[in-house]
Each structure stands twice: as C-alpha cells, then as structure tokens.
Amino acid sequence: MTKLDLGGATAIVTGGSRGIGPYIADALAGQGARVALVARSEPELAVNARRLADAGAEVIAVPADITSAQARRELIEVVERRLGPVDVLVNNAGGDLQREFHNLTEDEVQGLLELNLTSAVLLTRLVLAGMLERGRGHVVNVSSMAGRVSFPYTEAYAAAKDGLIAFTRVLRADYRSRGVSASTIILGPVGEAGVGARTAEEVGIKLPPVGLVAPAKIGRQTARAIRRDKRELAVLPGPGRLLRAIMDRFPGLGPALNRASGTNKTMRTVAEYREREARLAAAERSAGGPLSGRGAGER
Ligand SMILES: NC(=O)c1ccc[n+]([C@@H]2O[C@H](COP(=O)([O-])OP(=O)(O)OC[C@H]3O[C@@H](n4cnc5c(N)ncnc54)[C@H](OP(=O)(O)O)[C@@H]3O)[C@@H](O)[C@H]2O)c1
C-alpha cells in the first residue's frame, strides 16, 4: 500500500489560478501539505496563494505554461528549490474549446491534446524519478465523464481525458509496488466554480442546480484519493450511482441519455456561441483590429 500522509508533503497543483484548482489546493493545504500553485495567470495565482498563506499554509505561486517543455522543467526546479522534493502532483489544468471538431485547426486540436494529456504525462515523467528514489509519491490526474461517455463536440478533449484514465491505470500498476501511486478523479458537471459554471453564465444558460457537484467536495475527494490511495474516484452529482453504471457498463447509452436529458441542446447552444466567437476573432485578425458592433461573441 502506498497511502501518503499529506502532512509536510510537497504538492504541485496545476490549474491553480481559477476554477477547481484552488479548491484542491485548499484541501491539500488543510491536511498540512506545502502547496505550489501553477497556472499562466500571475495575478490570480498571487491572490490564491495569498489567501492560502493567510490561512497558515506554506504556499508558493509558480506562473508557468505547462504546454511548454522548458516551462515544465523550470517549474519543477523552482518547486524543489523552494519547497523541497515533490511528493504529490495533481494534474488538474485542462479545458476544451467547446466547438465542432471539423471546424478546429490542426493547431487547436494539438493544443487541446497538449494541455489535457501530454503536459500531464510529461510533468509526471519529470517528478517520477525523484519519487522512485525516495520510494514515496502520488500523482492525481483530473479527468472527466467526457472521457467515458460521448458528450457532443468534445472529440479531442474526450480523447485526452480518456487517455489520462489509461495513463493513470498503467502508471499505478507499474510503480505502486515501489512506493509511487496514482489516482484518477473523474468529474461530472461542477457548480459554483470552474469552466462549466463560467460558460453557463457567459452563454446565458441555466444549469440544473441539483445536477452539480461543489468544487470543495472535489478538493476533499482529491485529498482522500491520495491519503487512501484510491485507484479512481468519480465525483458525480445526485444520481451518481446511475451515472457511474452508465459510464462504466453502458457507455453506449451516452448519446441517447444526452438527447433525453437536454444535454445535446445545451451543448449545441454553447458550440454555436463558441463558433460565432471564433468567426469574429478570425475576422478581427484579418481586419487587423477589433470590429465594431460585437454581438454574441463579445466577452
Ligand atoms: N468544471 C467542470 O464542469 C469540469 C467537468 C469535468 C472535468 N473538469 C476538469 O477539471 C479540471 C479543472 O477544470 P476547471 O473547471 O477548474 O477549469 P477552469 O476554471 O477553466 O480552470 C482551468 C485552469 O487550468 C489552467 N490552465 C489552462 N491552460 C494552462 C496552461 N497552458 N498552462 C498552465 N495552466 C493552464 C488555467 O489557468 P491559466 O488560464 O491562468 O493558465 C486554470 O487555472 C480540468 O482538467 C477539466 O477538464 C471540469
């Protein structure tokens, strides 16, 4: 068994500037971990680090674009220099463009795979050797139901999130006997914070209040996955068992369920909104500046 006590452990949490990441950081710091918050947005990272430090945590903000190989190497160096050897890596940063797959450029598809899969795999590779030397470490990869059931317009994102589940499974099997373990956190819809809640507000759609998980619960479950060395934790709303059964045993039911639950319609609204935004951005690029009378695509 490789249960890891978070007291005094050094933990990296990617995606620490907004959404679910800060809640994961709160939960790990609450158990006594020293936390490095990683994301690109420096001001937001600084605010979150200050909040944790005010609550008594040892925390640093490390601005970095995790899709850059050099930035990944530098961020590990900074964390090890300032907080000590890395015991826990939470690969939480991620996101989707929420657009029709055939309209994405090759670079956009590549970017989605890099953010949601490659950077997590390569960050893990960077910390693994040290963890093995010390015989102590845990990697948590934050995945999504999208990796298991087919939500519309998520082709590249779903491929990456499903890939993350497979990566975690093999990592865990290969290294657990040497003291390094791995867990997958599978998320459904999240309320209060995160990309789903932000998108709903931006696009003007209502998310069903009973179908959402609170981000603080995701933080707590992440800490639990590490402490108890859980293989996989699905943090799902209300009818969690039903969703879990569909996800695990009948993934083919996904499209019918999406139709019946109105998910298809909601995702269509979001995708149309994002397509309008993308067209507007392309028009602005070719005009060499902002166009007047921005419509639904205005942020
Ligand atoms: N919210 C949901 O409903 C939901 C559902 C299922 C799964 N998930 C998964 O949960 C995780 C967190 O999602 P969220 O809702 O918290 O998303 P979010 O609110 O959009 O936050 C994403 C985080 O990732 C960081 N990030 C993005 N690109 C980055 C890059 N290149 N380098 C470093 N950091 C980067 C962002 O910071 P910067 O922009 O400052 O870099 C931000 O801190 C993701 O993996 C997502 O796929 C979320």
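**Exercise 1. Describe how α1 passes α7, and what the contact is made of.**

Let's start with the crossing: α1 passes α7 in a right-handed way, meaning that the near helix is turned clockwise from the far one by less than a right angle. This is a predicted model, in which local features need pLDDT of at least 70, side-chain atom pairs count only at pLDDT 80 or more, and totals for chains, interfaces and linings use all residues. Residues are numbered from 1 along each chain as its sequence is written, and side-chain values use heavy atoms, with hydrogens and water left out.

Next, the geometry. Helix α1 (residues 21–30) packs against helix α7 (residues 215–227) at an angle of about 50°, and their axes are 8 Å apart. Helices are DSSP runs (H or I, at least four residues) numbered from the N terminus; axes are lines fitted to C-alpha atoms over the stretch in contact, with angles from 0 to 180 degrees between N-to-C directions. The pair is therefore oblique (not under 35, over 145 or 65 to 115 degrees).

Finally, the contact (heavy atoms within 4.5 Å). From α1, Tyr23, Ile24, Ala27 and Leu28 take part, meeting α7 residues including Pro215 and Ile226.

**Exercise 2. Find polar contacts of the ligand.**

A polar contact here is a pair of N or O atoms within 3.5 Å.

- Side chain: a polar atom of Arg40 lies 2.7 Å from a ligand oxygen atom.
- Backbone of Ile66: a polar atom is 3.0 Å from a nitrogen atom of the ligand.
- Backbone of Val195: a polar atom is 2.8 Å from an oxygen atom of the ligand.

Note on methods
Helices (H or I, at least four residues) and strands (E, at least two) are DSSP runs, numbered from the N terminus. A polar contact is a pair of N or O atoms within 3.5 Å; within protein, one must be able to donate a hydrogen and the other to accept it, and residues adjacent in sequence count only if both atoms are side-chain atoms.
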